[in-house]
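Student: Could you take me through one part of this model in detail, and then show me what surrounds it? I'd like to follow the packing piece by piece.

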Amino acid sequence: MVSWQTRMESVVRSALVDKVDRDHTETDRAFLRRRIVVGIVLVVGATLLGISLSVKPGDPLFYTLTIALALVWIVGGFLSGPLHLGRIPFRGHLRRPILTPIAIGLAAGGVFVLGALIVREIPPLRDFTANVLDHARVGPLALIVFITLFNGLAEEIFFRGALFAAIGRGRPVLISTIVYTIATLATGNPMLGFAAITLGFVLGLERRASGGILAPILTHVSWSTVMVFAMPPLFA
């Protein structure tokens, strides 16, 4: 009889470690085109991200800018070239990853919440975190939730989709995580950079293992759901 530890190890390996077989090879021309599109979109997106979080909380312009940012990531992602949903092994078959990435996202959210209990006791870090969360406290809750989840989906289409594919076979998890972190630091907030490098690494592993963006999307959206509901009360 298989123990629960063995089952858990198998689930984690299939979600984050073991790569499924796939052939996503592109022509040199298509690969170059993808890299050019990704480079342009990165500059535009990072600039728009920095501008959006410099807007005063509650200003309607913030919602316009963040929705525009999500559209930039999405359009740029699909313009770069083909994207794939990916699959992971499950009971001897390759299936679309759904439950496992959602569980990973919720678990990551729980870890961040526990970390927030420490961060709020350290004044400089507390202030950086509170500055971001101010945008989640002001305005219609439904709109804030929509923007948060929409941007999570959009970031995965671009960063774990287009950017990851544009890097090629040379350390895509590490490089995509670094680029994602640098782009996030355009906000000038180190706490967002910390979230990007930790979450981004996990998302990169999911992308590498599954060969697609579905798992990272579900993990990111699940994590974002925990953040938007659990974090603001901790820093009220």
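**A helix and its surroundings**

Tutor: Let's begin with helix H4, residues 99-119: its 21 residues reach 30 Å from the first C-alpha to the last, close to the 30 Å expected at 1.5 Å a residue. Keep in mind that this is a predicted model. The mean pLDDT of the chain is 91, with 99% of the residues at 70 or more. Confidence does vary along the chain: helix H1 has the lowest mean, 81, and H7 the highest, 96.

Now look at what H4 hides. Its buried residues are Pro101, Ile104, Gly105, Ala108, Gly109, Phe112, Val113, Ala116 and Val119. If you're wondering about the spacing in that kind of list, an α-helix has 3.6 residues a turn, so residues three or four places apart point the same way. The cover over the buried residues of H4 includes helix H1 (4-17), helix H5 (123-137), helix H8 (190-210) and H9.

One of those covering helices is worth a stop. Ala195 sits in helix H8, and at a relative accessible area of 13% Ala195 falls under the 20% cut-off, so Ala195 counts as buried. Beyond its neighbours within four places in sequence, Ala195 is in contact with Phe112, Gly200 and Trp223; Phe112 is one of the buried residues of H4. For a sense of distance, take Ala195 and Gly139: 56 residues separate them in sequence, and their C-alpha atoms are 24 Å apart.

From here you can step out to the nonpolar cores. As a rule, in soluble globular proteins, nonpolar side chains tend to be buried together. The largest core here has 33 residues, and those with the most contacts inside it are Val38, Leu42, Trp73, Phe158, Phe159 and Leu163. Helices H2 (28-52), H3 (60-80), H6 (141-167), H7 (172-184) and H9 (214-234) are the elements that give two or more residues to this core. H6 makes the largest contribution, 12 residues. A second, separate core of 15 residues includes Ala116, Val119, Met191 and Met227, and there you meet H4 again, as Ala116 and Val119 are among its buried residues.

So what about H6? Of its 27 residues, 19 are buried, so H6 is largely enclosed by the rest of the structure. Its end C-alpha atoms are 37 Å apart, which agrees with the 39 Å that 27 residues should span at 1.5 Å a residue. Take Leu163: setting aside neighbours within four places in sequence, its contacts are Val38, Leu42, Phe158, Ser176 and Val179.

Turn Leu163's contact with Ser176 around. Ser176 is in helix H7 and is buried, with a relative accessible area of 0%. Not counting residues up to four places away in sequence, Ser176 touches Phe159, Leu163, Phe164 and Ile167.

The rings come next. With ring centres within 6.5 Å taken as a pair, the count comes to 7 aromatic pairs. Phe158 and Phe159 make one of them, edge-to-face, with 5.0 Å between centres and 90 degrees between the planes. Both rings belong to buried residues: the relative accessible area is 0% for Phe158 and 1% for Phe159. Together with Trp73 and Tyr180, Phe158 and Phe159 form one aromatic cluster. Tyr180 has a charged neighbour as well, since Arg160 lies over its face at 4.3 Å from the ring centre.

Follow the chain out of H6 and you reach Gly168, whose phi is positive, near 90 degrees. Arg171, in the loop between H6 and H7, also has a positive phi, near 55 degrees, in a residue other than glycine. With a relative accessibility of 63%, Arg171 is over the 50% cut-off and so counts as exposed.

Last, H3, which also gives residues to the largest core. Leu69 is found in this helix and is buried, at 2% relative accessible area. Leaving out residues up to four places away in sequence, Leu69 touches Gly45, Leu48, Leu49 and Asn151. Leu69 and Ala46 are 23 residues apart along the chain, with 8.8 Å between their C-alpha atoms.

How values were computed: Residues are numbered from 1 along each chain as its sequence is written. This is a predicted model: local features need pLDDT of at least 70, side-chain atom pairs count only at pLDDT 80 or more; totals for chains, interfaces and linings use all residues. Side-chain values use heavy atoms; hydrogens and water are left out. Rings of Phe, Tyr and Trp (its six-membered ring) pair if their centres lie within 6.5 Å; planes under 30 degrees apart count as stacked, over 60 as edge-to-face and the rest as tilted. Buried means under 20% relative accessible area, exposed over 50%, partly exposed in between (1.4 Å probe, protein chains only). A charge sits over a ring if NZ of Lys or CZ of Arg is within 6 Å of the ring centre and within 35 degrees of the ring normal. A nonpolar core is a set of buried Ala, Val, Leu, Ile, Met, Phe, Trp, Tyr and Cys residues joined through side-chain atoms within 4.5 Å. Helices (H or I, at least four residues) and strands (E, at least two) are DSSP runs, numbered from the N terminus. Contact means heavy atoms within 4.5 Å. The expected span of a helix is 1.5 Å times one less than its number of residues. pLDDT is the predictor's confidence in each residue, from 0 to 100.
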